[in-house]
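User: I'm new to reading protein structures and would love a close look at just one part of this one. Could you pick a good starting point and walk me through what lies around it?

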Amino acid sequence: MDARDINETMQGTLAPHLGIRVLEATPVRVLAELEIRDALRTVGGALHGGTLMAFADTIGAVGTILNLPQGASTTTLESKTNFFAAARQGKVLAEALPLHRGRRTQVWQTRITDESGKLLSLTLQTQMVLEKS
């Protein structure tokens with residue numbers, strides 16, 4: 001499954017509603033972008049932290065999906081985000097890398113940066129692998 005297939009698969013979900021676009025997707029790295037727009041901002045004008053968390057969760061889940069055995073699915077078991085800086089315009093980029101790809105769980109770390117490379121947030125999430133019943 002390549003980035004185009006993933007973007008098509010996500011139609012009708014939260015991802016396109018937020019404007020998430022997967023650029024690259026392999027079992028060991030997922031890269032995506034999101035354009036900042038008014039609907040995703042706080043009252044103060046910054047990109048909402050919930051948007052960053054949803055962006056990271058989505059990209060980590062994509063990485064997990066690319067590593068699942070046939071017929072299995074996934075759900076987020078735990079997620080922790082640290083915020084470092086605010087973004088107000090342009091695009092933000094998310095890069096998710098696996099820290100653990102096990103039979104029952106996977107752990108992904110997602111760094112979200114602005115276009116200049118400034119770190120905005122870092123998310124560590126655990127995905128449960130759900131076997132086909």
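**Strand β2 and its surroundings**

Analyst: Let's start with β2, which pairs with β4 in the antiparallel sense, over six bridges. Please keep in mind that this is a predicted model.

To find this pairing on your screen, look for two residue pairs. Leu34 stands opposite Val92 in β4, and Glu33 stands opposite Leu93 in β4.

Now turn to β1, another partner of β2. β1 and β2 also pair in the antiparallel sense, over six bridges. A hairpin of two residues joins β1 to β2. Two pairs help you trace this pairing: Thr26 stands opposite Arg29 in β2, and Ala25 has Val30 in β2 as its bridge partner.

We can also follow the pairing onward from β4. β4 and β5 pair in the antiparallel sense over nine bridges, with Ala96 standing opposite Thr110 in β5. Here too a hairpin makes the link, and three residues join β4 to β5.

How many of the residues of β2 are buried? Five of its seven residues are buried, so β2 counts as mostly covered.

Next, let's see what β2 helps to build. β2 (29-35) is one of the elements that give two or more residues to the largest nonpolar core. This core has 28 residues, and Leu34 is among those that touch the most other members, along with Ile20, Val22, Phe55, Ile59, Val92 and Ile112. The other elements that give two or more residues are α1, α2 (14-18), β1 (20-26), α3 (49-65), β4 (91-101) and β5 (105-114). Of these, α3 gives the most to the core, with six residues.

Phe55 is a lovely residue to click on here. Leaving aside neighbours within four places in sequence, Phe55 is in contact with Ala32, Glu33 and Leu34, and also with Ile20, Val92, Leu93, Ala94 and Ile112. You have met Glu33 and Leu93 before, as residues that stand opposite each other, and Leu34 and Val92 too.

Let's step over to α1 and back to β1. Asn7 sits in helix α1 (residues 3-9). Not counting residues up to four places away in sequence, Asn7 touches Ile20, Arg21 and Val22. Is Asn7 buried or exposed? Asn7 has a relative accessible area of 19%, and because buried means under 20%, this residue counts as buried.

Last, let's visit the helices and the space they help to line. The largest pocket has a volume of about 250 Å³. Its lining is made up of 14 residues, and Met10, Thr13, Thr58, Val62 and Ile65 are those nearest its centre. α1, α2 and α3 each supply at least two residues of this lining, and α3 gives the most, with six residues. By class, the lining has nine nonpolar, four polar and one charged residues.

So which element gives the most to the core? That is α3, with six residues, and α3 also gives the most to the lining of the largest pocket. As for our starting point, β2 pairs with β1 and with β4, and Leu34 is a handy place to begin your own exploring, as one of the core residues that touch the most other members.

Methods
Residues numbered from 1 in each chain as written. Predicted model: local features only at pLDDT ≥ 70, side-chain atom pairs only at ≥ 80, totals over all residues. Heavy atoms only, no water. Helix = DSSP H or I, 4+ residues; strand = E, 2+ residues; numbered from the N terminus. Buried < 20%, exposed > 50% of the residue type's maximum accessible area, 1.4 Å probe, protein only. Contact = heavy atoms within 4.5 Å. Core = buried A, V, L, I, M, F, W, Y, C linked by side-chain atoms within 4.5 Å. 1 Å grid on protein atoms, 1.4 Å probe; cavity = no way out; pocket = protein on both sides within 12 Å on 5 of 7 lines; lining within 4 Å. Points joined across faces, edges and corners; volume = space filled by probe spheres on them. Nonpolar A, V, L, I, M, F, W, Y, C, P; charged D, E, K, R; others polar. Pairing = 2+ DSSP bridges.
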